[in-house]
Amino acid sequence: MSDNFAQTVKAATDIVKVIGEYVRLRKSGAQNFSGLCPFHQEKSPSFSVNAAHSYFYCFGCHAKGDVFTFVQRIENISFPEAVRTVAQKSGIPLPKREWSSPEEAQQAGLRKQLIDIHEAATQYFQQALQSPQAARAREYLSSRTMSAETATLFRVGYAPDDFNHMREALGKIFNDEVMRTSGLFSSKEQNDEGRPQGQLYARFRKRITFPICNEAGKTIAFTARALDSDDKSGPKYMNSPETPLYTKGQVLFNLDKAKASMRQQDYALLVEGQMDCIRVFSSGIQPVIATSGTAFTEHQVRLLSRFTKRVSVNFDPDIAGANAAEKSLALLTEAEFEVRVVTLEGGLDPDRFVQEHGIAAYADAVRAAKPYAEYLIERARTLFPQRTAEAKVKAVNFLLPHIRRLPSKIHRAQFVDDAAQKLGIDSSLMRQELQEAATHRLESIRSQTRELGENERKLIRALILPEHDPARQRVVTEVTARPELLEGMATADLIEALAANAIGDNPLESAPDDRSREMLARLLSQDSMGDPSMILVEAGNALHTLERDRLARRNTELKMMIAEAERRGDQSMADQLYAEAVQVNRALRTL
C-alpha cells in the first residue's frame, strides 16, 4: 500500500464519522468531539477527536494518532489493512494490493480465503435447508415459530447427514490448506497444532446451522444444533473450533445487526443463546446480542463499551444462568457499566417468554429490569432466606466480592446501605465488618455470637409465659398477623417458633436450632421474670418500637423506589409509590 494512496485516503476521510462508528461522540467545541476512550476504562469522557486536524487524543491514557492509528488499534490489524478498511468506509476504490513480505501476503491471502469459504459454507447450508432431506429441520424451525423471513435474515441453514458431500462441493473451489484451517471439517488425525491432517469429513452433520458473524457481518464460524438427542449425535449445540478468524471470547453474536440500535438507543440487551437473541431481535427489540453460551470475557466487555455503557442482562433463570449472570455483572461493573438484570415470570428464557406472552410483555420486563445491586441483594435473600445471624453472614459473604469490585466508593457505600437495609443488618455494623475484612484481606466476614437486643428480650419474656397470659397472647397475635415486624432480628426464627407452639415445662424444646436454644437458655438463666403486668407493658412498648422501625424502613425503601421509577420515566408507578409513602408518613406521625 503506497504512502501516496494512504495520504489520499486520509485527506478524503471524515475522522469523526469513522471513529463515530466505534465510539459515541458528542460535540464539545467548534471542531472537537469527545467520548469515552475505547482503549481504557473510564467513566468521564477524556477521549477527544479534532475534525479540523484529523487526529484523536485521550487525556486519560494518552493514546493518540490519526484515523489509521485508531482503526489499527481498535480492529487489531496492520497498517495496510487499516488503510484498506478506512478507504472502504470512505468509498475510495482500492489499488492493487502490495505486501511488505511474502509471509504477510500469505497470511492475508489465507484470511481472505477463510472468509470466502465461510461464505460458501453459509450458502451451502442455506440451500441444503430447502432440500427434501431437511424436512425435519424445517419442521423444527416451524415448531419454534421461526418465520422464513427470520431464517433468511439470520441465514439459518442445514448441515446434511453426509460425511463427504460438503467436502467435495467446496473442494472444487478451495485448496486443502484452507479447508483444513477453516474449522468446517474434521479428521481422525491431527497435526501438532491440532488441525486435521487425515481424510477430511464434514464437522457439522444433521444439524441446523446458525452463522456467527464478525462486526462487519461476515460469517466467521457456526453454531449448529443437533436434530437428534442420542449419544451418537454428540452435544446439543456444537460450535466451530477457534481459527485465525474466530476466537469465541472475542465475538458477540448479532453485533453486526444490533450495533446501530445500540448506539442510537444507548443500551444493549445481553442474552445467553442464539435462539433467544434471534427471537427478541426479529420481534422488534433491536439492541440485543448474545454470548453464544460461552462465558463473558473482558475482551467482549471492551468490545461492548465501544457502543454503549448501559447493559441489561437476561440470562437463563437456572443455576448455570444465574452463575453466568453474576460473572457477567462482575466484569461489567468493574468496567463501570450501568447494569440492570431482567427477570422473567415463570422461569422462562427469552425465546419461550416471547412465544407465550408476546414481545410487548417482554419489553415491559426489560423496562422493569432491576439495578444489578438490587438483583444481587434479592438473590442473596433467596439463597439464604433464614433470618438468623448465620444466614445474614452468608448473605453478606455472597455479596462481598461484588461490593469490592465496584470502582466507585460512592457506589460501594450505596450498595452496603441497601444490602444492610434489606438484609435487616445495622448499616454501620455491616460497614465495620466489611472494613475489617478488607483490612485483614479476608475473603469473608466471620460469624460472631451476638447479644440479644432489648426488644427481643421483651418479646421472648412474654412468649415463654403460660399460654393464656395476656402478654403472651398479645405478642402471639401481633407477630403472627404481621411477621414483617421481625424483619432484621437475629432471633426472628426463635420468636416465630415460640409464638407458634404452646410452651410446656421446658421452653427450650420450642427452639428451632442449637444457636436459638443457646440464646434462650442464656436469657432464662440471666433474667428474672418480674411482674407479669410489667411484661405486658414492655411487650407493648417493644411492638410499638418495631412497628415504628418497620415504617421507617419502608419509608426509606419507597424514597429509593420513587427515584428509580422517575429515572425510568414510569410516572404511573411513581404516583402509586408516592401514595403509599403518604400513608406511611401519616402512620409514622401517629405513633
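In helix H11, the buried residues are Gln-274, Met-275, Asp-276, Cys-277, Ile-278, Arg-279, Val-280 and Phe-281. The structure is a predicted model. H11 spans residues 274-282 and is mostly covered, with eight of its nine residues buried. Just after this helix comes Gly-284, which takes a positive phi of about 125 degrees.

Nonpolar side chains tend to be buried together in soluble globular proteins. In this model, the largest nonpolar core has 64 residues. Met-166, Leu-269 and Tyr-362 have the most contacts inside this core. Helix H5, residues 102-129, supplies the largest share of the core, 10 residues. A second core is separate and has 43 residues. Among its members are Leu-252, Ala-268, Tyr-372 and Leu-376.

Tyr-362 has a broad list of partners beyond its neighbours within four places in sequence. Val-280, one of the buried residues of H11, is in contact with Tyr-362. Leu-269, Val-271, Ile-285, Asn-314 and Leu-344 are also in contact with Tyr-362. So are Pro-350, Phe-353 and Val-354, three residues that lie in helix H14.

Tyr-362 itself belongs to helix H15. Helices H14 (residues 350-357) and H15 (residues 359-367) pack at an angle of about 130 degrees. Their axes are 7 Å apart. H14 is therefore oblique to H15. On the H14 side, the contact involves Pro-350, Phe-353, Val-354 and His-357. These residues meet Ile-359, Ala-361 and Tyr-362 of H15. By class, the contact has six nonpolar residues, one polar residue and no charged residues.

A further helix pair is formed by H1 (residues 3-12) and H4 (residues 79-89). Their axes come within 10 Å and cross at roughly 40 degrees. That angle makes H1 oblique to H4. The crossing is left-handed. From H1, the contact uses Phe-5, Ala-6 and Val-9. From H4, Phe-79, Val-83, Val-86 and Ala-87 take part. The residues of this contact divide into seven nonpolar, no polar and no charged. Residues three or four places apart in an α-helix point the same way, because the helix has 3.6 residues a turn.

Two single positions were also examined. Met-430 lies in helix H19, residues 427-439. The relative accessible area of Met-430 is 2%, so this residue is buried. Leaving aside neighbours within four places in sequence, Met-430 is in contact with Val-396, Ile-403, Val-416, Ala-419, Ala-420 and Ile-425. One of these partners, Ala-420, is 10 residues from Met-430 in sequence. In space the two are 6.6 Å apart, C-alpha to C-alpha.

Ser-510 is placed in a loop. This loop runs between helix H22 (492-500) and helix H23 (514-526). Ser-510 counts as buried because its relative accessibility is 14%, and the cut-off for buried is under 20%. Not counting residues up to four places away in sequence, Ser-510 touches Ala-497, Leu-498, Asn-501, Ala-502 and Ile-503. Ala-500 is 10 residues from Ser-510 along the chain. The C-alpha atoms of Ser-510 and Ala-500 are separated by 8.9 Å.

Technical notes: Residues are numbered from 1 along each chain as its sequence is written. This is a predicted model: local features need pLDDT of at least 70, side-chain atom pairs count only at pLDDT 80 or more; totals for chains, interfaces and linings use all residues. Side-chain values use heavy atoms; hydrogens and water are left out. Buried means under 20% relative accessible area, exposed over 50%, partly exposed in between (1.4 Å probe, protein chains only). Helices (H or I, at least four residues) and strands (E, at least two) are DSSP runs, numbered from the N terminus. Axes are lines fitted to C-alpha atoms, for helices over the stretch in contact, and angles run from 0 to 180 degrees between N-to-C directions. Angles under 35 degrees count as roughly parallel, over 145 as roughly antiparallel, 65 to 115 as roughly perpendicular and the rest as oblique. Contact means heavy atoms within 4.5 Å. Ala, Val, Leu, Ile, Met, Phe, Trp, Tyr, Cys and Pro count as nonpolar, Asp, Glu, Lys and Arg as charged, and the others, Gly among them, as polar. A nonpolar core is a set of buried Ala, Val, Leu, Ile, Met, Phe, Trp, Tyr and Cys residues joined through side-chain atoms within 4.5 Å. A crossing is left-handed if the near helix is turned anticlockwise from the far one by less than a right angle, and right-handed if clockwise.
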